[in-house]
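This report describes the ligand site of one protein, then the protein as a whole, then two residues in its interior. The sequence and structure come first.

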Amino acid sequence: MSLKKILVFCLVLMVTVVMTGCGGSQQSSSDSGSASADKKGVKIGVSMPTKSLQRWNQDGANMEKKLKDKGYDVDLQFAENKVEAQVSQIENMITKGCKVIIVGAIDGGSLSSVLDEAKSAGIKVISYDRLIMNTDAVNYYATFDNYGVGKIQGQYIEKQLGLTEGKGPFNLEIATGPLDDNNVVFFFKGAMDVLQPYIDKGQLIVKSGQVTREQCATPNWDEAKAQERMDNVLTTNYTSAKVDAVLCSNDSVSLGVQSALKSAGYNTSEKPMPVVTGQDANLPNVKAILAGEQSMSVFKDTRALADQVVKMVDALMNNQEPEVNDTKSYNNGAKVVPAYLLQPQFVDKTNYKQLLIDSGYYKEADVQK
Ligand code: GAL
């Protein structure tokens, strides 16, 4: 082969290597999308239902901090339990070019059309804590095991009253959350799967006769509405009899129930407080637990939930499938939404230090009256 042909061959070979190398590096750059995509300027929307409940402030703040620490731009919005406000906030997130929108829905059934817009814009949607219904625009769901929350509450009442040892009959009342929060379906079922058998055999008696999710609902988880309903239940059914336990699905409802009980003379030596449950380990409720006015709450570490959501966002931004651990339980009416469920834990006087203080969730001074 002449020198000229050798030189031409080497030149062609070099060009080929360089081209393949670039393609390879482009390949690797798209692969590097699987490594760590450049997050600068990538916008993430966080739509929370309200500031009026402590936990959502924590959820929003935790996610904002963790996402910003990773380099994302964050648009955090609170809708003050106004559905139309949440819809327009999400519309703005779409307009601003958010790549992922994380939504703690006020009303899980009210966001189908705005989230269909997000889907058409190629935006990924993560349903946060509460399942968004009737749309296939939801890509993932991050929450605590909602059925497990109810089961913990039911089992707490079961244990405190000694139901497994056959004790009773005891009087039970029930105060749950709103009908537009899909979580309530799971909270209620988890608790009633424990308690219903005792109602059926007369160990538990619900004197008000209010035993369905509809009858026991509290619109917007509103404390005042929970108090008003329990006031009526007590004046109508408990002028002589006393209540032994109240199943409350979350802490704001529990505070309302506790106020009604105190107005009816409970929390005194003659009429001690009944077993009263809650959920979220909100500060006023932890204080009530230490004061003996609430029996327990369910601790859902919002820091852990925020961590999980940030992992989901990172995976999506790196063209990877986020980790999930439940692909069966959460059918939103349009699809079974793949979910990551974290585990809730009961918290009461016996373990609040370990769960809440030692973990840094609260300081001891925070929880003292
Ligand atoms: C539920 C949530 C509970 C409770 C309630 C009040 O959907 O899972 O933790 O906070 O909302 O907002």
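## Ligand site and interior

In this predicted model, the ligand is surrounded by 13 residues, and the closest are Arg-55, Asp-129, Arg-130, Asp-181 and Asp-280. Three side chains place a polar atom at the distances below from an oxygen atom of the ligand.

| Residue | Distance from a polar side-chain atom to a ligand oxygen |
|---|---|
| Trp-56 | 3.0 Å |
| Asn-183 | 2.9 Å |
| Lys-300 | 2.8 Å |

The ligand on its own exposes 300 Å², of which the protein buries 99%. The largest cavity is where the ligand sits. Two elements, α2 (54-69) and α6 (182-200), each give two or more residues to the shell around the ligand.

The protein as a whole contains twelve helices and twelve strands. Of its 369 residues, 51% are buried. Its exposed area is about 16400 Å², and carbon and sulfur atoms supply 54% of that area. When contacts between residues at least 6 apart in sequence are considered, 72% of them join residues at least 24 apart.

Two residues illustrate the interior. Ile-44 belongs to strand β1 (residues 43-48). Ile-44 counts as buried because its relative accessibility is 0%, and the cut-off for buried is under 20%. Outside its neighbours within four places in sequence, Ile-44 is in contact with Leu-67, Tyr-72, Asp-73, Val-74, Asp-75, Cys-98, Val-100, Ile-102 and Val-313. Between Ile-44 and Ile-94 there are 9.9 Å from C-alpha to C-alpha, at a sequence separation of 50 residues.

The other residue, Thr-277, lies in the loop between β9 (275-276) and α9 (283-290). Is Thr-277 buried or exposed? Thr-277 is buried, because its relative accessible area is 0%, again with under 20% as the cut-off. Its side chain comes to 2.7 Å from the backbone nitrogen of Cys-248. Cys-248 also appears among the residues in contact with Thr-277 once neighbours within four places in sequence are set aside. The others in that list are Gln-153, Ile-157, Val-246, Leu-247, Ser-254, Gln-294 and Met-296.

Definitions and conventions. Residues numbered from 1 in each chain as written. Predicted model: local features only at pLDDT ≥ 70, side-chain atom pairs only at ≥ 80, totals over all residues. Heavy atoms only, no water. Helix = DSSP H or I, 4+ residues; strand = E, 2+ residues; numbered from the N terminus. Buried < 20%, exposed > 50% of the residue type's maximum accessible area, 1.4 Å probe, protein only. Contact = heavy atoms within 4.5 Å. Areas by Shrake-Rupley, 256 points an atom, 1.4 Å probe, with all protein chains shown as cover. Near = heavy atom within 4 Å. Polar contact = N/O pair within 3.5 Å; in protein donor to acceptor, adjacent residues only side chain to side chain. 1 Å grid on protein atoms, 1.4 Å probe; cavity = no way out; pocket = protein on both sides within 12 Å on 5 of 7 lines; lining within 4 Å. Sits in = over half its atoms within 2 Å of the grid points.
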